[in-house]
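Subject: Structure for your files

Hello,

Here is the structure I said I would pass on. My notes follow below it.

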Amino acid sequence: MTESTENHTNFPATYFNRDAAFKFAKIAGVCAWVVLGVYLFTTLISFAQFMIQFATGVFFQKGLSVVDMVSFFTPYLVQLIPGLAYFIGLKFIEHALLILLDVEDNTRRAARYEHTRK
């Protein structure tokens, strides 16, 4: 990123280095996708392993009802939920930082405008 070339006023800003905040937001966004990918990959591998075992009859028992068969599949659906929660949390952090940076820039612009008007 390039360094900021804005005129400085006596406005007390909330962030010190805009480029570091952008970098942190970008890292949070990339980490969100990596975490989701890892959880999705492990869930698919576990589900594939289960389906191979299920298809070969490892989980078959005499008198197995439909409800019992459905209960075999639920852990693989639940396994992905923490990854989705981490993904949503990290994306929220990324977008919240970008929104706060926009608010900060607008406030700086307004302070600079007021400073030049006087």
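Leaving aside neighbours within four places in sequence, which residues is Thr43 in contact with? The contacts of Thr43 on that basis are Tyr76, Gln79 and Leu80. Please keep in mind throughout that this is a predicted model.

Overall layout

The chain has 118 residues, of which 16% count as buried. Its secondary structure comes to 3 helices and 0 strands, and the order from the N terminus on is α-α-α. Taking contacts between residues at least 6 apart in sequence, 79% join residues at least 24 apart.

Helix 1 and helix 2

Helix 1 covers residues 18–55 and helix 2 covers residues 66–78. Their axes come within 9 Å of each other and cross at roughly 160 degrees. Angles over 145 degrees count as roughly antiparallel, so helix 1 is roughly antiparallel to helix 2. The crossing of these two helices is right-handed.

On the helix 1 side, the contact is made by Thr43, Ser46, Phe47, Phe50, Met51 and Phe54. Helix 2 contributes Met69, Phe72, Phe73 and Tyr76. By residue type, this contact of helix 1 with helix 2 divides into 8 nonpolar, 2 polar and no charged residues.

Thr43 itself, which lies in helix 1, has a relative accessibility of 8%. The cut-off for buried is under 20%, so Thr43 counts as buried. One further position can be placed relative to Thr43: Pro75, which is found in helix 2. The C-alpha atoms of Pro75 and Thr43 are separated by 9.6 Å, with their positions 32 residues apart along the chain. Pro75 has 46% relative accessibility and counts as partly exposed.

Aromatic residues

How many aromatic pairs does the structure hold? The count is 11. I describe two of these pairs here.

In the pair of Tyr39 and Tyr86, the ring centres are 6.1 Å apart and the planes stand at 50 degrees, so the pair is tilted. This pair links distant parts of the chain, with Tyr39 in helix 1 and Tyr86 in helix 3 (residues 81–117), 47 residues apart. Tyr39 is partly exposed, at a relative accessible area of 24%. Tyr86 also counts as partly exposed, its relative accessibility being 48%.

Phe47 and Phe50 make up an aromatic pair that is tilted as well, with 6.4 Å from centre to centre and 40 degrees between the planes. Both residues lie in helix 1, 3 residues apart, which is about one turn of the helix. Is Phe50 buried or exposed? With a relative accessible area of 2%, Phe50 is buried. Phe47 has a relative accessible area of 31% and is partly exposed.

Phe47 and Phe50 also belong to one aromatic cluster, together with Phe54, Phe72, Phe73 and Tyr76. Each of these names appears in the list of residues that make the contact between helix 1 and helix 2.

Helix 1 and the later part of the chain

Two more positions in helix 1 are worth a look, Leu36 and Val34.

Which residues does Leu36 contact, leaving aside its neighbours within four places in sequence? They are Gly83, Leu84 and Phe87. The C-alpha atoms of Leu36 and Tyr86 are separated by 7.6 Å, although the two residues are 50 apart along the chain. Tyr86 is the partner of Tyr39 in the tilted pair described above. Leu36 counts as buried, at 17% relative accessibility.

Val34 has a relative accessible area of 48% and is partly exposed. The C-alpha atoms of Val34 and Gly83 are separated by 9.8 Å, and these residues are 49 apart along the chain. Gly83 is also one of the residues in contact with Leu36.

In short

The contact of helix 1 with helix 2 has 8 nonpolar residues and no charged ones, and an aromatic cluster of Phe47, Phe50, Phe54, Phe72, Phe73 and Tyr76 is present. Helix 1 is linked to helix 3 through the pair of Tyr39 and Tyr86.

Regards

Notes. Residues numbered from 1 in each chain as written. Predicted model: local features only at pLDDT ≥ 70, side-chain atom pairs only at ≥ 80, totals over all residues. Heavy atoms only, no water. Axes fitted to C-alpha atoms, helices over the stretch in contact; angles between N-to-C directions. Helix = DSSP H or I, 4+ residues; strand = E, 2+ residues; numbered from the N terminus. Parallel < 35°, antiparallel > 145°, perpendicular 65-115°, else oblique. Left-handed = near helix turned anticlockwise from the far one by under 90°. Contact = heavy atoms within 4.5 Å. Nonpolar A, V, L, I, M, F, W, Y, C, P; charged D, E, K, R; others polar. Buried < 20%, exposed > 50% of the residue type's maximum accessible area, 1.4 Å probe, protein only. Phe/Tyr/Trp six-rings, centres within 6.5 Å; stacked < 30°, edge-to-face > 60°.
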